[in-house]
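Open the model in your viewer and keep the sequence panel visible. Three selections follow.

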Amino acid sequence: MKGVIFRGLEALVIEKCGMAAWDDLLEKNAPSDRIYISAESYPDEEIVGLAQDVADALSMSMPDVLKAFGEYLFGHLRGRHPTIVENFNGFADLIMGIDKVIHVEVAKLYQEPNLPEIKAELIENGFILMHYYSKRQLCMCAEGLIFGAASHYGIEVALNHVECMHNGYDKCVIEVKYEIGNE
């Protein structure tokens, strides 16, 4: 996992719980003196451990923590790379451009980013069918990123996770229904 994702989690934990909470999480889940550098890669197990401890501390489920983190992460990444988001004409355009635009730009910025595969199909205005595949199975984080994008554009979105890798499918299929007009 790239350090930029860890930096997003760090920012969220510090904002919500303080620096001492982040230090405690690092002490338990990372090698001593770990500092996450955005462009570097770190073991996936570290982010899973950090997220699980956040879930435990907040008495939340891991899927709920990942979804909340994804929503926060959208704003964090947008702040770091604003020109990527500015190139889209709205929510639907952004969602449709995840794999062919955003992931292409991410691959230019970060060596071996190990991105999920996302295929989005515009069924009709207000309805996108998304296919998500990742060995990491962070589909709840992807849902949170979608909610973060909707919030950025000031629209309501409803998701229906009709197939999920956590239930034995080879990919997740997510119905994305969104407001037309404001996006």
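The tour covers a helix pair, a single helix and one residue.

This is a predicted model: local features need pLDDT of at least 70, side-chain atom pairs count only at pLDDT 80 or more, and totals for chains, interfaces and linings use all residues. Residues are numbered from 1 along each chain as its sequence is written, and side-chain values use heavy atoms, without hydrogens or water.

**Stop 1: α1 and α2.** Select residues 3-17 (α1) and 19-29 (α2). Their axes come within 7 Å and cross at roughly 135°. That makes α1 oblique to α2 (neither under 35 nor over 145 degrees, nor 65 to 115). Now show side chains. Phe6, Leu9, Glu10, Val13, Ile14 and Cys17 of α1 meet Met19, Ala21, Trp22 and Leu25 of α2 (contact: heavy atoms within 4.5 Å). By class, this contact has nine nonpolar, no polar and one charged residues.

**Stop 2: α4.** Select residues 62-80. At 1.5 Å a residue, these 19 residues should span 27 Å (1.5 Å times one less than the number of residues). The end C-alpha atoms are 26 Å apart, which agrees. Add Ser61: its side-chain oxygen lies 3.1 Å from the backbone nitrogen of Asp64, capping the N-terminal end of α4. Buried residues of α4 include Leu66, Phe69, Leu73 and Phe74 (buried: under 20% relative accessible area, 1.4 Å probe, protein chains only). The buried residues of α4 pack against α1, α3 (44-58), α5 (82-86), α6 (91-96) and α8 (139-153).

**Stop 3: Ile180.** Ile180 lies in the segment after β4 (172-178). Is Ile180 buried or exposed? At 54% relative accessibility, Ile180 counts as exposed (over 50%). Beyond neighbours within four places in sequence, Ile180 contacts Asn125 and Gly126. Ile180 and Asn125 are 55 residues apart in sequence, yet 6.8 Å apart C-alpha to C-alpha.

Methods. Axes are lines fitted to C-alpha atoms, for helices over the stretch in contact, and angles run from 0 to 180 degrees between N-to-C directions. Helices (H or I, at least four residues) and strands (E, at least two) are DSSP runs, numbered from the N terminus. Ala, Val, Leu, Ile, Met, Phe, Trp, Tyr, Cys and Pro count as nonpolar, Asp, Glu, Lys and Arg as charged, and the others, Gly among them, as polar. A polar contact is a pair of N or O atoms within 3.5 Å; within protein, one must be able to donate a hydrogen and the other to accept it, and residues adjacent in sequence count only if both atoms are side-chain atoms.
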